[in-house]
Amino acid sequence: MRNFFSQFRRHALLLGDYFAQYTKVRVSYRGDFFVALFTSLSGTVFQFFFYWFLLKRVDFPHWRKEELFFLWGFALIPFGVFNVLSLNLYEFGSIYIMEGKFDRVLLRPLSSLFQVLFESFRIESLHEVVTGLVILIWASRHLGYHWTLLDVALLAFFGLCGGVIYISVFLFLTTFSFWFEDRIGLHPPFWNLLAFGRYPLSIYSSYIRFLLSWIIPFGFATFYPSVRLLGRPEFRSYAALVPLVAAASFAVAAFSWRIGLRRYSSTGS
Amino acid sequence: MSSAPLISVKNLSKHFRTFKRREGILGGLVNLFHRDYQTLKAVENVNFEIAQGEMVGYIGPNGAGKSTTIKMLTGILVPTSGEIFSNGFVPFRQRADYVKTIGVVFGQRTQLWWDIAVIESFKLLRRIYDVSQRDFDARMELFDQVLALRDFLHTPVRKLSLGQRMRCDLAAALLHNPPILFLDEPTIGLDVVAKDHIRQFLKVINAQYKTTILLTTHDLDDIEELCRRIMIIDRGTLLFDGPLAGLKERLLRTKQIKFILRDGEQAPRLAAFEKSLAAYPANGALRLERLDELTCRIIFDRKLISSADLIRQILAAVEVRDFLIEDEPIEEIIKRIYAGEDPGGGIPVPAAQP
């Protein structure tokens, strides 16, 4: 147990070093960074306008527009966290497994999962977190929402848990690369599912609600925490499950990683 | 060996299950559902021990099992059967602790961060391996002396020449001063000067830190210059393990004498000499080749013909400006072993099956 904590501490300290290292890489291609930031920003802006027009035309029963913007703003926070960290997951199959970069990962005295997650960052996606916060604050002012210290702490905690849930789902999909050689990966259809989290789960059929809560738990990343923060009556108690769902998702993904790792070291491909 | 070996490998085997790929789109579809598996014995019942401070050359043709062995020794691959103890660890079982005590260089692949200055990679590796700033500075100093890194420490890795990059990769693998160093083709693609740099460096490291080095290579000059001991593997099986000198002594079949004629006027005398050679007692044990107008080479069986005799005859027949006597190149010997000649000697390969 003590060993576990010292390892955890070591990795936590190195996380800073890895981030700094990757930042240096990005800074060395400044033009590329600004283009990426611009692209990412305009993506968010388009999304915003789409949402705005949608809310102008469509009524969501029992939901005020500001509440919907609150939900949308909140959803951007875990989404941003996820985007910052998920860069390598998409390329894991092709770069790490097929091109052999994973051998080098195994030769370093660090957790292999740590290295794959933190060897590159989509730094520009941090703007999504900022944009999300701005919209959240704007919406909560219109709602007359008073932020207590507890609310702020909860917001940060939920945002982080949401990020963990997203990462876990995609990490789980990534682990299939240990078994199947494919360059595209299983991610794209699930990526599209992320959009569902920007709307109240209650508008969907019960099947989709079940799917997004208990199979691919994106609902716990965005909808249930937002409901709790907004103080709305429905699904109130679900928010308490958020950290559990996050921990369970990560456990499943990490377990699958472990098994994949074992397969890799017996087949080497 | 008096002390316990640093690396010990017993009955090591690695089998892969592969399947035949069918070609084309239709074949690809069939592949999804039906596969004909076959077992590939990449490494089969290999045994050896390496003592601390040894430099061992590990050679074999492509696909012989060298890389698979290295991958098992470094903890990347789990053996199908057999045992590995290396520096007190079972590599794949205690990976994270074990890899702290080894350095690994894959000649074809860099472990440095591609887009930023070399020094940044070293700094991060220092943190990853928990090397103190003092040790780091001292080692960088030494590495710089032998490898002359200073000139390009602040150059991004992608802008380095292959030779410079390899020097950096070596330094990176040794920053934490590991007792064991594994090198997979460390001189591949390098020019003569760069190769020499690398070899000198390995000698220094081996002498100064008693670093144990196992290297695979296709360049037998690496082996001749660095390793007293070689292991030869082919089709997964160890064919030879022993001193290079002994191997040469046993298997060296031919020598060659190269000589340069004094002038063009020697031509008729040379023709006469060539005729007389045909009548030489050990017929077929010798042949003369003309390399150019003035240069000739005689390749002869060293057991049947003494080089002194031969030289005397040459001198009696033609006027010669220069001589060169050489052993059969080690490549030729190795080629014959791959082709099935019994290398004999060495450390007998125990056939102990559990």
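## A tour from helix α4(B) outwards

Start at the buried residues of α4(B): what covers them includes α1 (2-28) of chain A, together with α5 (133-147) and α6 (162-174) of chain B. Keep in mind that this is a predicted model.

**Stop 1: the helix itself.** Select residues 118-128 of chain B, which form α4. Is this helix mostly covered or mostly open? It is mostly covered, with 9 of its 11 residues buried. Colour the buried set: B:V118, B:I119, B:E120, B:S121, B:F122, B:L124, B:L125, B:R126 and B:I128. Note that B:E120 and B:R126 are in that set. Here buried means under 20% relative accessible area.

Now step just past the end of α4(B). B:D130 sits there with a positive phi of about 55°.

**Stop 2: the sheet.** Stay in chain B and show strands β10 to β13. What is the strand order? Across the open sheet of 4 strands, read β11-β12-β10-β13, with antiparallel pairing. Select 286-290 for β11 and 320-327 for β13 of chain B: these are the edge strands, each pairing on one side only. Neighbouring strands are turned by 20° against each other on average, ignoring direction.

Strands of a sheet pair through backbone hydrogen bonds, in parallel or antiparallel fashion.

Zoom in on one pair. Select 254-261 (β10) and 295-301 (β12) of chain B. How many bridges join them? There are 7, and the two strands run antiparallel. For a marker within the pair, pick B:Q256; opposite stands B:I299 in β12(B).

**Stop 3: the helix across the sheet.** Add residues 267-278 of chain B, helix α10. This helix lies across β10, β11 and β12 of chain B. Relative to β11(B), α10 runs at about 155°.

**Stop 4: chain A as a whole.** Hide chain B and switch chain A to cartoon. Which elements appear? Chain A has 12 helices and 0 strands. From the N terminus on, each element in the run is α. One of these helices, α1 (2-28), was met at the start as part of the cover on α4(B).

Next, check the dimensions. Along its principal axes, the C-alpha trace of chain A spans about 55 × 40 × 40 Å. The radius of gyration of chain A is 19 Å; a compact globule of 269 residues would be near 18 Å, so the two agree.

Colour chain A by burial: 49% of its 269 residues count as buried. Then draw its contacts. Of those between residues at least 6 apart in sequence, 77% join residues at least 24 apart.

Finish with the surface of chain A. About 13200 Å² is exposed, and carbon and sulfur atoms supply 70% of it.

Terms used:
Residues numbered from 1 in each chain as written. Chains lettered and ligands numbered in written order. Predicted model: local features only at pLDDT ≥ 70, side-chain atom pairs only at ≥ 80, totals over all residues. Heavy atoms only, no water. Pairing = 2+ DSSP bridges. Axes fitted to C-alpha atoms, helices over the stretch in contact; angles between N-to-C directions. Contact = heavy atoms within 4.5 Å. Buried < 20%, exposed > 50% of the residue type's maximum accessible area, 1.4 Å probe, protein only. Rg over C-alpha atoms; globule rule 2.2 N^0.38 Å. Areas by Shrake-Rupley, 256 points an atom, 1.4 Å probe, with all protein chains shown as cover.
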